[in-house]
Amino acid sequence: MALVRPLRLLLLGAPGSGKGTLTSRLLKQFPTISSLSSGDILRSQLSSGTTLSHEISSYIKEGKLLPDKLMVRLIGGELDKRNWLNKQSTWLLDGFPRTVGQARSLDQVLKPNEASINMVVELDVDQKVIIDRIEARWVHVNSGRVYNLDYNPPKVPFKDDITGEPLTKRDDDTAEVVSKRLDLYNKELQPLKQFYQELNVLHTVSGNTSDIVYPQLAQLVIDNYSHINN
Ligand code: ATP
Ligand code: MG
């Protein structure tokens, strides 16, 4: 389905809330959307062996957030490189901004280009469900594709469906680190939501499986950004 107005969407959700899975489904249904996941961008830097990659890795391993300034520089650079800083662009962000500081800085970059975020969807999923899901989660690091051994298993056990490469567990998906990441998410969430609520772009969808959440998310996109008959 073609989108009529440019969509600049932020998916806001706890670790394991399904951002990656929902993004894949949106991209399939709306091929004009492009996506960027801050976690995937950071993980793709890790193998480079640079000082920056060591710095990034030390934060991720402990479940801490990278400093806002560094994130804004990294993601701002990536948006620019992809030529997304213009009012015609249609894209989706996952994982950035995740603090009010990042949200403010990003808005300062986007606003002069008339490219501000025009839809934020908060994914509201039970914390207990999230913890179980992360335990069963395996990833294909190079692509960011996510599998769940219970709900969304790969066609061949422990192999990526597209490339056939091995799946791995993320270092930061251990119980201890996950609980830190959840605490941080909960701490940042209210002020971040308030920021976007004041801009009148905040929506919330609730549900404990992506099959329940996805239709609500797709409907929001259709209602706000596309031709019904298209
Ligand atoms: P999920 O597990 O569902 O992918 P997540 O949001 O916990 O969700 P990522 O987005 O992949 O995981 O992020 C992994 C780590 O990368 C974070 O714990 C943090 O250390 C770092 N990170 C990612 N995005 C940001 C950001 N916007 N600001 C600061 N640190 C970030
Ligand atoms: Mg992610």
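The largest nonpolar core of this predicted model comprises 39 residues, and those with the most contacts inside it are Leu-79, Leu-93, Ile-117, Val-120 and Tyr-196. A second, separate core has 21 residues. The model also holds ligand 1, which has 20 residues around it.

**The nonpolar cores**
- Two or more residues of the largest core come from each of β1 (8-13), α2, α3 (51-61), α4 (68-81), β3 (91-94), α5 (100-110), α6 (127-135) and α7 (175-198).
- Helix α7 gives the most to this core, contributing 7 residues.
- Beyond its neighbours within four places in sequence, Tyr-196 is in contact with Leu-10, Pro-97, Ala-103, Ile-117, Val-120, Val-201 and Leu-202.
- Among the residues of the second core are Leu-26, Met-119, Leu-217 and Ala-218.

**The shell around ligand 1**
- Ser-38, Lys-64, Arg-98, Arg-137 and Arg-181 come nearest to ligand 1.
- The shell consists of 8 charged, 7 nonpolar and 5 polar residues.
- Helix α2 (residues 38-46) gives the most to this shell, with 4 residues; α2 is also one of the elements that give two or more residues to the largest core.

**Polar contacts and burial of ligand 1**
- An oxygen atom of ligand 1 lies 2.8 Å from a polar side-chain atom of Lys-19.
- A polar backbone atom of Leu-66 is 3.0 Å from a nitrogen atom of the ligand.
- Gly-95 places a backbone N or O atom 2.8 Å from a nitrogen atom of ligand 1.
- Ligand 1 taken alone exposes 610 Å², of which the protein buries 96%.

Technical notes: Residues are numbered from 1 along each chain as its sequence is written. Chains are lettered from A and ligands numbered from 1 in the order in which they are written. This is a predicted model: local features need pLDDT of at least 70, side-chain atom pairs count only at pLDDT 80 or more; totals for chains, interfaces and linings use all residues. Side-chain values use heavy atoms; hydrogens and water are left out. A residue is near a molecule or strand if one of its heavy atoms lies within 4 Å of it. A polar contact is a pair of N or O atoms within 3.5 Å; within protein, one must be able to donate a hydrogen and the other to accept it, and residues adjacent in sequence count only if both atoms are side-chain atoms. Accessible areas come from the Shrake-Rupley method with a 1.4 Å probe; for residues, only the protein chains shown count as cover. Ala, Val, Leu, Ile, Met, Phe, Trp, Tyr, Cys and Pro count as nonpolar, Asp, Glu, Lys and Arg as charged, and the others, Gly among them, as polar. A nonpolar core is a set of buried Ala, Val, Leu, Ile, Met, Phe, Trp, Tyr and Cys residues joined through side-chain atoms within 4.5 Å. Buried means under 20% relative accessible area, exposed over 50%, partly exposed in between (1.4 Å probe, protein chains only). Contact means heavy atoms within 4.5 Å.
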